[in-house]
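Q: I would like a close look at one residue in the interior of this chain, together with the parts of the fold that surround it. Please take your time and build the picture outward from that residue.

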Amino acid sequence: MTEMTRRQMLVGTAAAAVAAAVPLVQSSSARAAAPQFGKQAPGFYRYKLGSFEITVVTDGKSRVPITDAFVTNASQAEVKAALAAVFMDTETFFGPYNPIVVNTGANLAVIDTGNGEAAYLSTKGLNGQFLTNLAAAGIDANAVDTVIISHYHGDHINGLLKADNTLAFPNAKVLVPAPEHRYWMSDAEMSRAPSPRIDMLFKNVRRVISGEVLKRLHTYEWGEEVIPGISAVGTPGQSPGHTSHVVASGNSKVFVHGDVTHAPYLFVRNPGWHPFYDHDPVQSEVTRRKVLEMLANEKMLVQGYHFPFPGVAHIEKTATGYREVPIQWDPQI
Ligand SMILES: [Zn+2]
């Protein structure tokens with residue numbers, strides 16, 4: 001291939017500008033400038049897994065300032081360098097949320113529910129987008145028969161409720177990990193909450209996991225097939241009963257890993273880093289390394305709740321850790 005010199009580029013740019021200027025001048029009297037939309041397109045992405053159809057539906061994103069507290073065992077400078085390495089804003093961290101819908105042919109199952117409609121209103125649409133994007137994806141929330149929860153943090157359970165506290169998925173069973181439910185519903189554990197943040201999480205769990213939600217709730221154990229084609233795997237650390245799910249159809253599998261790692265460009269690439277929201281950072285790191293090693297060895301597809309949308313990737317080993325390789329957008333399924 002011929003190398004383009006700077007001079008050629010400048011000449012080329014000038015010629016393109018002249019060419020572009022002519023029709024612009026001619027058309028300006030004929031029609032007004034097109035209005036800009038000023039908002040993102042609805043966010044959903046579909047892929048096939050054997051005979052199953054998975055729809056990833058974005059719930060929006062969070063905005064967290066980068067401070068020394070963001071990663072408890074890495075300096076602010078190290079975190080900022082990792083963000084700069086992937087051309088991200090180094091002052092504010094943007095964390096996406098990716099709940100999924102699995103249509104197995106027999107069940108229409110949601111895995112995790114996002115921040116909820118109340119958050120959509122309070123954040124002016126920054127997050128809590130799940131229900132609106134679900135509708136844009138052509139999926140009726142009333143047709144969802146199963147909601148599977150990975151753990152009891154607000155960004156995974158608050159979407160069980162609408163802003164008026166009625167059920168977002170009124171016809172669904174709510175399946176939750178037994179160890180997670182046991183921990184957060186224990187008054188003894190609540191009374192010895194290790195930090196104000198955990199105490200706040202307890203209060204949120206007690207608000208959401210109550211009333212109509214509790215009536216539809218069933219617990220499942222690690223190792224159990226939760227519904228045909230979706231099995232629970234214990235991945236504790238981020239919370240005491242944090243659970244991942246293997247979705248399998250035919251010879252195809254995806255590991256829906258919840259929050260085993262948060263943003264991959266920080267915590268897949270640096271599996272030893274402890275994000276501030278890990279309940280038990282040491283156990284979380286053990287889980288993270290075990291899962292990443294398995295994903296890399298088995299070349300298994302992973303669906304990351306906080307990976308960049310649509311959150312589907314493979315994991316490969318590097319000299320210092322691991323690296324995520326996102327799937328390519330496929331315009332067909
Ligand atoms: Zn989360």
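Leaving aside its neighbours within four places in sequence, which residues is Leu160 in contact with?

A: The model is a predicted one, and what follows should be read in that light. Once the neighbours within four places in sequence are set aside, Leu160 is in contact with Thr113, Val147, Leu167, Ala168, Val174, Val208 and Val213. Leu160 also belongs to the largest nonpolar core, a set of 62 residues, and is one of the members that touch the most others, along with Val102, Val147, Ile148, Val174 and Leu175. Two of these well-connected members, Val147 and Val174, are themselves among the contacts of Leu160.

Another of those contacts, Val208, leads to helix α8, which spans residues 196-208. The 13 residues of α8 reach 19 Å from the first C-alpha to the last, close to the 18 Å expected at 1.5 Å a residue. Along this helix Leu201, Val205 and Val208 are buried, and, viewed down the axis, the buried residues of α8 fall within an arc of 75°, so they line one face of the helix. That pattern fits the general geometry: an α-helix has 3.6 residues a turn, so residues three or four places apart point the same way. Turned away from the buried side of α8 is a face that carries the exposed residues Pro196, Met200 and Lys203. On the buried side, the cover includes α5 (154-157), α6 (178-184) and α9 (211-215). Val213, also a contact of Leu160, has a number that falls in the range of α9.

A second helix, α2 (residues 76-85), can be described in the same terms. Its buried residues are Val79, Ala82 and Leu83; they cover an arc of only 100° around the axis, which puts them on the same side of α2. These residues pack against α10 (264-267), while the face turned away from them carries the exposed residues Ala77, Ala81, Ala84 and Ala85. After α2 comes Phe87, with a positive phi near 60°.

Strands make up another part of the picture. Strand β12 (residues 243-249) is mostly covered, with five of its seven residues buried. It pairs with strand β11 (residues 230-234) in the antiparallel sense over five bridges, where Val233 stands opposite Ser244. With strand β13 (residues 252-256), β12 likewise pairs in the antiparallel sense over five bridges, and here Ser249 stands opposite Ser252. The hairpin formed by β12 and β13 has two residues between the strands, and Gly250 in the turn has a positive phi of about 60°. Further along, β15 (residues 312-317) runs antiparallel to β14 (residues 301-303), with two bridges joining them, and a hairpin joins β15 to β16 through four residues.

For the chain as a whole, there are eleven helices and 16 strands, and 39% of the 333 residues count as buried. Among contacts with a separation of 6 or more, 66% are between residues 24 or more positions apart. The radius of gyration is 22 Å, which agrees with the value near 20 Å that a compact globule of 333 residues would have, and the C-alpha atoms fill a box of roughly 75 × 45 × 45 Å along the principal axes.

Technical notes. Residues numbered from 1 in each chain as written. Predicted model: local features only at pLDDT ≥ 70, side-chain atom pairs only at ≥ 80, totals over all residues. Buried ≥ 20, exposed ≤ 12 C-beta atoms within 10 Å, placed from the backbone. Arc of directions from axis to C-beta. Contact = placed C-beta atoms within 7 Å. Rg over C-alpha atoms; globule rule 2.2 N^0.38 Å. Core = buried A, V, L, I, M, F, W, Y, C linked by C-beta atoms within 7 Å. Pairing = 2+ DSSP bridges. Expected span 1.5 Å × (residues − 1).
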